[in-house]
Amino acid sequence: MPELFDIIRTTRAMRRLKPDPIPDDLVRQILEAGTCAPSGGNAQKWRFLVVKNPETKQAVQRLYKRAYDEVIGPRYATASPPPGSDPAKYARQHAAVEYLTEHFHEAPVWIVVCQDDGTTPPTRGAGASVYPAVQNMLLAARALGLGSTLTTRHMMFAKEADAALGLPENIHSYAILPIGYPIGNFGPVGRGRLEEVVFSEKWGVPYTS
Ligand SMILES: Cc1cc2nc3c(=O)[nH]c(=O)nc-3n(C[C@H](O)[C@H](O)[C@H](O)COP(=O)(O)O)c2cc1C
(Lines give C-alpha, C1' and ligand atoms only; values in the text may rest on other atoms or scores of the structure.)
Protein backbone atom coordinates (compact mmCIF):
# COMPACT_ATOMS: atom_id res chain seq x y z
CA MET A 1 0.00 0.00 0.00
CA PRO A 2 1.41 3.46 -0.89
CA GLU A 3 2.58 5.72 1.90
CA LEU A 4 0.09 8.39 3.13
CA PHE A 5 1.81 11.39 1.54
CA ASP A 6 2.06 9.56 -1.79
CA ILE A 7 -1.67 8.89 -1.60
CA ILE A 8 -2.40 12.53 -0.82
CA ARG A 9 -0.24 13.75 -3.72
CA THR A 10 -1.81 11.35 -6.22
CA THR A 11 -5.47 11.48 -5.27
CA ARG A 12 -6.58 13.38 -8.33
CA ALA A 13 -10.04 13.50 -9.90
CA MET A 14 -10.39 10.13 -11.68
CA ARG A 15 -13.27 10.77 -14.07
CA ARG A 16 -12.78 7.86 -16.47
CA LEU A 17 -13.94 4.70 -14.72
CA LYS A 18 -14.56 1.11 -15.77
CA PRO A 19 -18.13 -0.12 -15.28
CA ASP A 20 -16.81 -3.38 -13.70
CA PRO A 21 -18.30 -4.15 -10.27
CA ILE A 22 -16.37 -3.39 -7.08
CA PRO A 23 -16.19 -5.91 -4.21
CA ASP A 24 -18.53 -4.91 -1.38
CA ASP A 25 -15.78 -5.23 1.22
CA LEU A 26 -13.83 -2.44 -0.51
CA VAL A 27 -16.89 -0.21 -0.48
CA ARG A 28 -17.27 -0.97 3.22
CA GLN A 29 -13.63 0.01 3.89
CA ILE A 30 -14.20 3.31 2.09
CA LEU A 31 -17.34 4.00 4.13
CA GLU A 32 -15.53 3.17 7.38
CA ALA A 33 -12.78 5.63 6.43
CA GLY A 34 -15.53 8.23 5.90
CA THR A 35 -16.96 7.70 9.35
CA CYS A 36 -13.48 8.16 10.90
CA ALA A 37 -13.64 11.84 9.89
CA PRO A 38 -14.35 14.66 12.32
CA SER A 39 -17.73 16.38 12.47
CA GLY A 40 -18.90 19.38 14.52
CA GLY A 41 -19.41 18.26 18.13
CA ASN A 42 -18.81 14.71 16.88
CA ALA A 43 -22.50 14.80 16.01
CA GLN A 44 -21.98 12.45 13.02
CA LYS A 45 -25.12 13.59 11.25
CA TRP A 46 -23.70 12.34 7.99
CA ARG A 47 -25.61 9.64 6.18
CA PHE A 48 -24.36 7.68 3.19
CA LEU A 49 -26.49 6.19 0.47
CA VAL A 50 -24.78 3.50 -1.59
CA VAL A 51 -26.38 3.43 -5.03
CA LYS A 52 -25.84 0.77 -7.68
CA ASN A 53 -29.29 0.86 -9.27
CA PRO A 54 -28.89 1.99 -12.91
CA GLU A 55 -32.29 3.75 -13.08
CA THR A 56 -31.60 5.85 -9.97
CA LYS A 57 -28.16 6.84 -11.25
CA GLN A 58 -29.52 7.63 -14.71
CA ALA A 59 -32.23 9.91 -13.28
CA VAL A 60 -29.59 11.96 -11.45
CA GLN A 61 -27.21 11.89 -14.43
CA ARG A 62 -29.86 13.67 -16.51
CA LEU A 63 -29.83 16.56 -14.03
CA TYR A 64 -26.03 16.45 -13.86
CA LYS A 65 -25.83 16.74 -17.63
CA ARG A 66 -28.40 19.51 -17.75
CA ALA A 67 -26.22 21.52 -15.35
CA TYR A 68 -23.22 20.88 -17.62
CA ASP A 69 -25.09 21.95 -20.75
CA GLU A 70 -26.54 25.09 -19.18
CA VAL A 71 -23.72 26.30 -16.90
CA ILE A 72 -20.55 24.23 -16.51
CA GLY A 73 -19.74 23.54 -20.16
CA PRO A 74 -19.99 27.20 -21.24
CA ARG A 75 -17.95 28.22 -18.17
CA TYR A 76 -15.14 25.76 -19.00
CA ALA A 77 -15.12 26.98 -22.59
CA THR A 78 -14.23 30.53 -21.56
CA ALA A 79 -12.30 30.18 -18.26
CA SER A 80 -8.52 30.48 -17.88
CA PRO A 81 -6.41 27.56 -16.60
CA PRO A 82 -6.11 27.48 -12.79
CA PRO A 83 -2.77 27.73 -10.91
CA GLY A 84 -0.46 24.79 -11.60
CA SER A 85 -2.21 24.09 -14.92
CA ASP A 86 -1.77 25.30 -18.51
CA PRO A 87 -4.05 25.53 -21.58
CA ALA A 88 -3.29 21.97 -22.72
CA LYS A 89 -3.81 20.46 -19.25
CA TYR A 90 -6.97 22.52 -18.80
CA ALA A 91 -8.32 21.28 -22.13
CA ARG A 92 -7.69 17.69 -20.93
CA GLN A 93 -9.53 18.47 -17.69
CA HIS A 94 -12.45 19.89 -19.67
CA ALA A 95 -12.57 16.72 -21.81
CA ALA A 96 -12.52 14.55 -18.68
CA VAL A 97 -15.32 16.61 -17.09
CA GLU A 98 -17.37 16.15 -20.25
CA TYR A 99 -16.60 12.41 -20.23
CA LEU A 100 -17.77 12.02 -16.63
CA THR A 101 -20.90 13.99 -17.46
CA GLU A 102 -21.83 11.50 -20.18
CA HIS A 103 -20.81 8.41 -18.17
CA PHE A 104 -21.70 9.47 -14.61
CA HIS A 105 -24.33 6.74 -14.18
CA GLU A 106 -21.98 4.02 -15.48
CA ALA A 107 -19.73 4.12 -12.40
CA PRO A 108 -20.62 0.84 -10.68
CA VAL A 109 -21.04 2.37 -7.22
CA TRP A 110 -22.05 5.79 -6.06
CA ILE A 111 -21.64 6.94 -2.49
CA VAL A 112 -24.09 9.77 -2.00
CA VAL A 113 -22.94 11.81 0.96
CA CYS A 114 -25.89 13.22 2.86
CA GLN A 115 -26.61 14.89 6.14
CA ASP A 116 -29.56 14.89 8.48
CA ASP A 117 -30.25 18.63 8.65
CA GLY A 118 -33.58 18.30 10.47
CA THR A 119 -35.76 21.27 9.52
CA THR A 120 -32.78 23.63 8.92
CA PRO A 121 -31.80 24.32 5.29
CA PRO A 122 -28.22 23.19 4.46
CA THR A 123 -25.60 25.79 5.45
CA ARG A 124 -21.84 26.29 5.02
CA GLY A 125 -21.34 25.13 8.59
CA ALA A 126 -23.28 21.97 7.87
CA GLY A 127 -21.07 21.28 4.85
CA ALA A 128 -18.00 21.59 7.07
CA SER A 129 -19.23 18.53 8.94
CA VAL A 130 -19.47 16.26 5.90
CA TYR A 131 -16.61 17.21 3.56
CA PRO A 132 -13.88 15.82 5.83
CA ALA A 133 -15.62 12.44 5.46
CA VAL A 134 -15.68 12.94 1.70
CA GLN A 135 -11.93 13.53 1.54
CA ASN A 136 -11.27 10.51 3.79
CA MET A 137 -13.27 8.39 1.36
CA LEU A 138 -11.45 9.76 -1.69
CA LEU A 139 -8.11 8.95 -0.06
CA ALA A 140 -9.30 5.49 0.99
CA ALA A 141 -10.54 4.73 -2.52
CA ARG A 142 -7.18 5.82 -3.93
CA ALA A 143 -5.33 3.61 -1.41
CA LEU A 144 -7.44 0.67 -2.57
CA GLY A 145 -6.71 1.35 -6.24
CA LEU A 146 -10.18 2.77 -6.94
CA GLY A 147 -10.84 6.05 -8.69
CA SER A 148 -13.41 8.69 -7.79
CA THR A 149 -14.15 12.41 -7.96
CA LEU A 150 -15.81 14.73 -5.53
CA THR A 151 -18.89 15.92 -7.39
CA THR A 152 -21.48 18.44 -6.27
CA ARG A 153 -22.91 19.62 -9.57
CA HIS A 154 -26.19 17.76 -9.03
CA MET A 155 -26.89 20.34 -6.30
CA MET A 156 -27.71 22.90 -9.01
CA PHE A 157 -30.96 20.94 -9.13
CA ALA A 158 -30.80 19.87 -5.48
CA LYS A 159 -34.51 19.33 -4.89
CA GLU A 160 -34.99 17.28 -8.03
CA ALA A 161 -31.81 15.27 -7.40
CA ASP A 162 -32.70 14.51 -3.77
CA ALA A 163 -36.16 13.43 -4.91
CA ALA A 164 -34.66 11.17 -7.61
CA LEU A 165 -32.47 9.64 -4.89
CA GLY A 166 -35.56 9.08 -2.73
CA LEU A 167 -34.18 11.05 0.23
CA PRO A 168 -36.53 11.92 3.11
CA GLU A 169 -37.39 15.62 3.72
CA ASN A 170 -34.79 16.16 6.48
CA ILE A 171 -31.93 14.55 4.53
CA HIS A 172 -29.93 16.58 1.98
CA SER A 173 -27.24 15.36 -0.39
CA TYR A 174 -23.89 17.20 -0.29
CA ALA A 175 -21.79 15.18 -2.72
CA ILE A 176 -21.87 12.20 -5.02
CA LEU A 177 -18.75 10.05 -5.28
CA PRO A 178 -18.87 7.90 -8.41
CA ILE A 179 -16.44 5.04 -7.70
CA GLY A 180 -14.88 2.47 -10.00
CA TYR A 181 -11.63 1.01 -11.21
CA PRO A 182 -9.84 3.77 -13.13
CA ILE A 183 -9.22 3.62 -16.86
CA GLY A 184 -6.19 5.95 -16.61
CA ASN A 185 -3.36 6.11 -14.12
CA PHE A 186 -3.21 7.83 -10.81
CA GLY A 187 -0.77 10.70 -11.00
CA PRO A 188 0.41 13.80 -9.20
CA VAL A 189 -2.12 16.57 -8.74
CA GLY A 190 -1.33 19.94 -10.36
CA ARG A 191 -1.43 22.84 -7.91
CA GLY A 192 0.03 26.32 -7.53
CA ARG A 193 3.13 27.06 -5.49
CA LEU A 194 2.84 27.16 -1.70
CA GLU A 195 4.38 30.66 -1.63
CA GLU A 196 1.44 32.02 -3.62
CA VAL A 197 -1.17 30.92 -1.10
CA VAL A 198 0.59 30.90 2.28
CA PHE A 199 1.57 34.06 4.14
CA SER A 200 3.83 34.47 7.13
CA GLU A 201 2.62 36.47 10.15
CA LYS A 202 1.16 39.27 8.00
CA TRP A 203 -1.22 39.02 5.07
CA GLY A 204 0.74 39.34 1.82
CA VAL A 205 4.15 38.45 3.30
CA PRO A 206 5.25 35.27 1.50
CA TYR A 207 5.83 32.25 3.68
CA THR A 208 9.34 30.86 3.55
CA SER A 209 10.67 27.88 5.40
C1 LIG B 1 -16.64 21.43 -3.98
C2 LIG B 1 -16.19 20.65 -5.19
C3 LIG B 1 -17.12 20.28 -6.15
C4 LIG B 1 -16.73 19.57 -7.27
N5 LIG B 1 -17.68 19.17 -8.18
C6 LIG B 1 -17.31 18.49 -9.26
C7 LIG B 1 -18.28 18.03 -10.18
O8 LIG B 1 -19.48 18.18 -9.99
N9 LIG B 1 -17.84 17.36 -11.28
C10 LIG B 1 -16.51 17.11 -11.51
O11 LIG B 1 -16.19 16.50 -12.53
N12 LIG B 1 -15.57 17.52 -10.64
C13 LIG B 1 -15.93 18.18 -9.52
N14 LIG B 1 -14.99 18.56 -8.60
C15 LIG B 1 -13.61 18.14 -8.79
C16 LIG B 1 -12.69 19.29 -9.11
O17 LIG B 1 -12.93 19.79 -10.40
C18 LIG B 1 -11.26 18.75 -8.97
O19 LIG B 1 -11.06 18.43 -7.63
C20 LIG B 1 -10.22 19.76 -9.41
O21 LIG B 1 -10.35 20.02 -10.77
C22 LIG B 1 -8.81 19.24 -9.13
O23 LIG B 1 -8.62 18.05 -9.84
P24 LIG B 1 -7.29 17.20 -9.67
O25 LIG B 1 -7.24 16.77 -8.23
O26 LIG B 1 -7.44 16.05 -10.62
O27 LIG B 1 -6.14 18.09 -10.01
C28 LIG B 1 -15.37 19.22 -7.45
C29 LIG B 1 -14.44 19.55 -6.45
C30 LIG B 1 -14.85 20.24 -5.32
C31 LIG B 1 -13.83 20.56 -4.25
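## Around the ligand

A residue counts as near the ligand here if its C-beta atom, placed from the backbone, lies within 6 Å of it. In this predicted model, the ligand's surroundings include an early group of Arg 12, Ala 13 and Arg 15, plus Val 97 and Leu 100. The run from Thr 149 through Leu 150, Thr 151 and Thr 152 to Arg 153 is there too, along with Val 189 and Gly 190. Sorted by class, that shell has five nonpolar, four polar and three charged residues.

## H3 against H4

Helix H3 (residues 54-78) and helix H4 (residues 87-103) have axes that come within 11 Å and cross at roughly 170 degrees. An angle over 145 degrees counts as roughly antiparallel, so that is how H3 and H4 run relative to each other.

On the H3 side, the contact uses Tyr 64, Lys 65, Tyr 68 and Tyr 76; H4 brings His 94, Val 97 and Thr 101. That makes four nonpolar, two polar and one charged residues. Val 97 also turns up in the ligand's surroundings.

## The main core

The largest nonpolar core has 34 residues, and Ile 111, Val 113, Val 134, Met 137, Leu 177 and Ile 179 touch the most other members. Elements giving it two or more residues include helix H6 (131-143), strand S2 (109-116) and strand S3 (171-179). Leu 177 has contacts with Ile 111, Val 113, Val 134 and Met 137, among others.

## Two positive phi values

Asn 42, in the loop between H2 and strand S1, has phi near 55 degrees. Glu 201, in the segment after helix H8, has phi near 65 degrees. Asn 42 counts as exposed because it has 7 C-beta neighbours inside 10 Å; Glu 201, with 6, is exposed as well.

How values were computed
Residues are numbered from 1 along each chain as its sequence is written. This is a predicted model: local features need pLDDT of at least 70, side-chain atom pairs count only at pLDDT 80 or more; totals for chains, interfaces and linings use all residues. Ala, Val, Leu, Ile, Met, Phe, Trp, Tyr, Cys and Pro count as nonpolar, Asp, Glu, Lys and Arg as charged, and the others, Gly among them, as polar. Axes are lines fitted to C-alpha atoms, for helices over the stretch in contact, and angles run from 0 to 180 degrees between N-to-C directions. Helices (H or I, at least four residues) and strands (E, at least two) are DSSP runs, numbered from the N terminus. Angles under 35 degrees count as roughly parallel, over 145 as roughly antiparallel, 65 to 115 as roughly perpendicular and the rest as oblique. Two residues are in contact if their C-beta atoms, placed from the backbone, lie within 7 Å. A nonpolar core is a set of buried Ala, Val, Leu, Ile, Met, Phe, Trp, Tyr and Cys residues joined through C-beta atoms within 7 Å. A residue is buried if 20 or more other C-beta atoms lie within 10 Å of its own, exposed if 12 or fewer, and partly exposed in between; C-beta atoms are placed from the backbone. Lists of a residue's contacts leave out its neighbours within four places in sequence.
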